[in-house]
Amino acid sequence: MLTSMTKTDFQKPKTVEEAVTLLKEAGDDARPISGGATLVALMNARLVQPSRLVSLSAIDELTQCTYQSDGSVRIGAMRRHRQTAFESNLKAAHQVVSGAASQIANPPVRNMGTIGGSISFADPAADYPPSLVAANAEIEIAGPEGRRRIPAEEFFLGWYETALEPGEIVTAVILPPVSESSVGQYEKLCRIAGDFALASVAVTIDFNASNTVTSLRLAVGGCGGGPIRVEAAEQALIGTKLELDAVVDAAELVVAELDPIDDVRGSAEYRLKVVPRLLQRAFNNLVETREPAQ
Amino acid sequence: MDGIDMQGVGSSPHRLEIMEKVTGSAEYIADLSRPNMLHAAITQSTVAHAKILGYDISDAMAVPGVVCVLTGEDFPDGRMGAFIKDEHAIAKDKIRYFGEPVAVVAAETEAIAREAAKRVIVKYEELPAILSPEEGLAEGAAIIHEDLDSYIKVFPAISSGNMASYTELNEGDLEAGFAEADLVVEGTYDTAPQAHLAIEPCGALADIDKQGRVTLWSANQSVFRVQANVCESLMMPMGKLRCLTPRVGGGFGNKMEPHIQPLVVRMTQATKRPVKMILNREEDFECVRARHPFKVRCKTGVKKDGTITAREVEVLLDCGAFGDDSPGVLGYSLLMSLGPYRIPNSKASGKLVYTNKLRFGAFRGFGNPQVAFAGETQLDQIAEKLGMDPLDLRQKNLIQPGDVWFGGGQVASNGLQECVDKARAASDWDNRKSRTAPKGKRRGTGVALSAHISGLLGTGAIIRVFEDGSVALNTGAVDIGQGSDTVLSQMCAEALKIPLEKVSLASPDTDGSPYNWGTTASRVTYTTGRAVVGAAAEVEKQLKEHAAQMLECSEMDLELRPGGIVGVSGSDKEVSFHQISLRAHWAAGGPIVGHHTWVFNQPTIDPKRAVCSGIPFPQVGVFSFGCLIVDTLTDEASGKTEVAEAWSAVDVGKAINPSSVEGQIVGGFVQGMGFALTEEMVWDGPKLANPTLLDYKVPTTLDTPYNIHSIIVEAAEPDGPFGAKGAGEIGLVAVPAAIANAIADAIGGHVHSLPMKPEKVLNKMLEIEDAT
Ligand SMILES: Cc1cc2nc3c(=O)[nH]c(=O)nc-3n(C[C@H](O)[C@H](O)[C@H](O)COP(=O)(O)OP(=O)(O)OC[C@H]3O[C@@H](n4cnc5c(N)ncnc54)[C@H](O)[C@@H]3O)c2cc1C
């Protein structure tokens, strides 16, 4: 049959359970649709032709962002990038996530796209994945077997692949509690405003009273199939005051773990050169915002 | 009529078609349809260079809804080409680039046509693909056009093997010039292919009548070039094709020569039904045309005091698979390669080489931005070595009023000095070093000067006076969004002293419009404007003949009065155009129609002064000038550069519509900024790797400086209409060079390659750091 004549069935359930059932019924060719910013473009280009679209937009719980009593923040999968960019519940180190959201694409795409759609699509150059890894987020997933939660690091398997099983959907992103002294920073390099990242770095740090780093997570985007976290570099920086030498040494450890390719956005060689510089800038900015007097 | 705003020359009325554009009701080619219309789609080649052994169209024909499939075998053997007639309407016998149309499918819907087009099978025998000019010139290289020698060429072409054209210009004594110099600087510079990216992709719709005469609507920059190209390639008598135009959504050179028009015409002939085809963005990228990548070797000699004694420029151009406008781009770039300076001893030469890539062709600037990038950055390198201010070095060598151009062509008006003075003052150039940069950025300021022509070839205008005394203007010039409809109407209104609303403009039509070579070469305001002024003078003469009889006076005593009135000087006796026109229509003399046609005929080369060969056009145009200063910020971490502010002073002779001129200056700046910083078509082997807006990046509003100051300079062109000359391209020409100079000011060295993307700038910064 002609692809252009394929009919797509459209459903708009009210609950997660209904959505999961509708997807299961229709089998492999069914797809959830959230913002549609990516999926509709794929359909227009005839790269995918779903037999059924299950819109998640009418499911109340997915549209909420809540601050929970334990200090964690639960971002519903349907939260738009623009909402997350301006989210008042995101403070201290969580700002690595709002920072990433605010740098996605352009205002129309930020009004449309959702955090659930973005991480499910798992573009290797997308902005949320490194920020969620740096924020030590957990992804909540619902499927025929019920709900489960996995760390962001285990969710992104690389090159558009995720830990989602067939029929599963992302329902929320959960950010763990953070201390007030913590900070988060997302640095993105792109060719023009609104482009996907050529490379990006996400960092979260906590300090003690004497400005010594007590905890630190960092992840790099756009330099491989998914976000790349470098624990050796994190360890090397914990216990320092982010002195220049320490940062330069840690950046070298990061570069050793990157796996970039040449593409139209930039060469692999350039990515290897620029990531340490972006890291340095991110650390500099963080140190400076903490100590404006310097 | 005192106090009435006539909206004539020097005012900025709204575009005539503004309401339909802002309300989205303007009709572009994709909006048109005809009863019983078919939709067509192309099959594109999947190899770059091959012999075609045969086709299998059975799968495509079997798709329900498909009406007709045409391949190269179904097309006549005619060849078209602006300079070298080397191109069939569709690939015939041979494939010459990846993505070249090899078959056309017509079906009841576009989706069916596109689906069926994927099912056309072409059997190829692959040949080695030539993917760079160097490969094309190498000994033993596969030949792309075996019959090049026998092709018709419209200029004294020097061509052989894969070399489509060689051009050379010489003036003075080059060796002596370099011997005289205290300092000689030499460098090579390269530029990347840029896509035109008109917001509207190419499209066409053709219909055939009972006598076999075809009417063709298309996205175009000249209905007359469309007619000529289709008729040449399909071997049709010109009278069998009528070309019309809907609104056009931008061109920049992309729509000047043919795209898919011959394909839809052939399809309507084959099916006897209306046929429409609209390219999608990828197809528009892959099989229309793009700006030439240049390799430029530039060598300049100067004395210690900054006086330039000699320059030698050598260019190598990738032609792509077909000649198209390339020989013109080569010749024109060489003509402009000295910039607006007095350089007594010079040589400019270049080769244009066929490759198995998309044809390269006309693009706003026509080769001039590429050579300006080389020449103007080299001047800054010289200034640095001499310890001179870059603007002072230029000032010392400026072409002066009365000087001729490289090759000996006359330069009548010259507002360059005023451009330099005004840009220098407005940008506070002399205090530029006191401007600071935000943390993590380096600020730079750069300057570049430019010259460009407006002119070329034939043009006409017809003005008819309606019975009610208003007038119809018909020129055949296609307004591609730049505003020529409004500007030509303003000139007509001004010449006849009537309000703008009394001028109605005919849409271009090869049946009824006088000839217009095209909307290109910054020419419409200047050349068509002259035709309008000439036709208006003819109308004025006829009006006065009538008025003299009606008022019983001598024609000599008559004058035009504002509002469509002819009166007797010094008296209140007068008649209106309305009264005159009624008499002309019903009583005496016949309807009033004035017309004027002309062809630009001022020689480019003075053989007593210059020794030249392979010159593609002997008569180019009159000169516009510009001085551009930009302020940039380069990010220290990444090398990414943004333009913070720009001051663009441009000599346009006379701004007929000042806000349209500003639009051209600002638009040219932004398009030049994309060329300078981000835009680059990239090939992965034989295949274009980034034919989408996801991968090919043009600057957005957020990447564009808020302040692009347009400074209009008016050095009247003596024979220009109301003194006007072109403004369409000059604002782009200097942009890459000025930005390159600003970046060099910021980081301490020049990037010699466009686009100056972050990677190249960072590498340069690191190279400089390592050296110090
Ligand atoms: C012009 C443009 C520029 C862009 N630039 C950027 C950028 O700079 N950075 C960036 O990070 N992103 C960018 N994006 C992507 C953008 O963020 C998308 O919005 C996002 O990737 C997808 O979100 P969505 O809600 O629109 O998902 P949809 O388009 O609705 O869906 C995307 C895919 O995910 C699946 N899906 C959707 N929701 C779920 C769910 N809850 N659970 C499981 N699967 C689901 C769909 O079936 C589909 O396969 C850009 C997109 C566009 C169109």
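**Exercise 1. The ligand and chain A**

Find out which atom of the ligand a polar side-chain atom of A:Ser34 approaches, and then look at the residues around the ligand.

*Solution.* Start at A:Ser34 in this predicted model. One of the polar side-chain atoms of A:Ser34 lies 2.6 Å from a nitrogen atom of the ligand. A polar contact needs N or O atoms within 3.5 Å, and the 2.6 Å found at A:Ser34 can be held against that cut-off.

Next, turn to the backbone. A:Gly35 has a backbone N or O atom 2.7 Å from an oxygen atom of the ligand. At A:Ala37, a polar backbone atom is 2.8 Å from an oxygen atom of the ligand.

Finally, widen the view. There are 28 residues around the ligand, and those that come nearest are A:Arg31, A:Pro32, A:Ser34, A:Leu39 and A:Thr114.

**Exercise 2. Two domains of chain A**

Describe how domain 1 of chain A meets domain 2 of chain A, and say which residues of domain 1 lose the most area there.

*Solution.* Begin with the bounds: chain A is divided into domain 1 (5-55), domain 2 (60-175) and domain 3 (182-289). The C-alpha centres of domains 1 and 2 of chain A are 20 Å apart.

Then count the contact. Domain 1 of chain A brings 14 residues and domain 2 of chain A brings 17. Between them about 1000 Å² is buried, with 76% from carbon and sulfur atoms. On the domain 1 side, A:Val16, A:Val20 and A:Ser34 lose the most area, together 43% of what that side buries. You have already met A:Ser34 beside the ligand.

Now check the polar side of the story. The interface holds 1 salt bridge. A:Glu17 and A:Arg147 form a salt bridge, with their closest N and O atoms 3.5 Å apart. Helix H1 (residues 16-26) of chain A gives the most to the domain 1 side, with 6 residues. By class, that side has 7 nonpolar, 4 polar and 3 charged residues.

**Exercise 3. Chain A against chain B**

Work out how many residues of each chain take part where chain A touches chain B, and which helix gives the largest share of the chain A side.

*Solution.* First, the count: 20 residues of chain A are in contact with 30 residues of chain B. The two chains bury about 2200 Å² between them, 58% of it on carbon and sulfur atoms.

Second, the pairs. This interface has 3 salt bridges, and 10 residue pairs are in polar contact, both residues at pLDDT 80 or more. B:Lys439 and A:Glu288 make a salt bridge, their closest N and O atoms being 3.5 Å apart.

Third, the helix. The largest share of the chain A side, 6 residues, comes from helix H11 (residues 268-290) of chain A. The residues of that side divide into 10 nonpolar, 3 polar and 7 charged.

**Exercise 4. Two domains of chain B**

Locate the salt bridge between domain 1 of chain B and domain 3 of chain B.

*Solution.* Look up the bounds: domain 1 of chain B is 18-25 + 457-599, and domain 3 is 370-453 + 618-771. The contact takes 14 residues from domain 1 of chain B and 18 residues from domain 3.

With 1 salt bridge to find across this interface, go to B:Arg530 and B:Asp719, whose side chains meet at 2.9 Å, N to O. On the domain 1 side, helix H13 (484-496) and helix H14 (524-551) of chain B each give two or more residues. The largest share, 6 residues, comes from H13(B).

How values were computed. Residues are numbered from 1 along each chain as its sequence is written. Chains are lettered from A and ligands numbered from 1 in the order in which they are written. This is a predicted model: local features need pLDDT of at least 70, side-chain atom pairs count only at pLDDT 80 or more; totals for chains, interfaces and linings use all residues. Side-chain values use heavy atoms; hydrogens and water are left out. Domain bounds come from an automatic or database domain assignment. Contact means heavy atoms within 4.5 Å. A salt bridge is a side-chain nitrogen of Lys or Arg within 4 Å of a carboxyl oxygen of Asp or Glu. Helices (H or I, at least four residues) and strands (E, at least two) are DSSP runs, numbered from the N terminus. A residue is near a molecule or strand if one of its heavy atoms lies within 4 Å of it. A polar contact is a pair of N or O atoms within 3.5 Å; within protein, one must be able to donate a hydrogen and the other to accept it, and residues adjacent in sequence count only if both atoms are side-chain atoms. Buried area is the accessible area (1.4 Å probe) that two parts lose on being put together, summed over both. Ala, Val, Leu, Ile, Met, Phe, Trp, Tyr, Cys and Pro count as nonpolar, Asp, Glu, Lys and Arg as charged, and the others, Gly among them, as polar.
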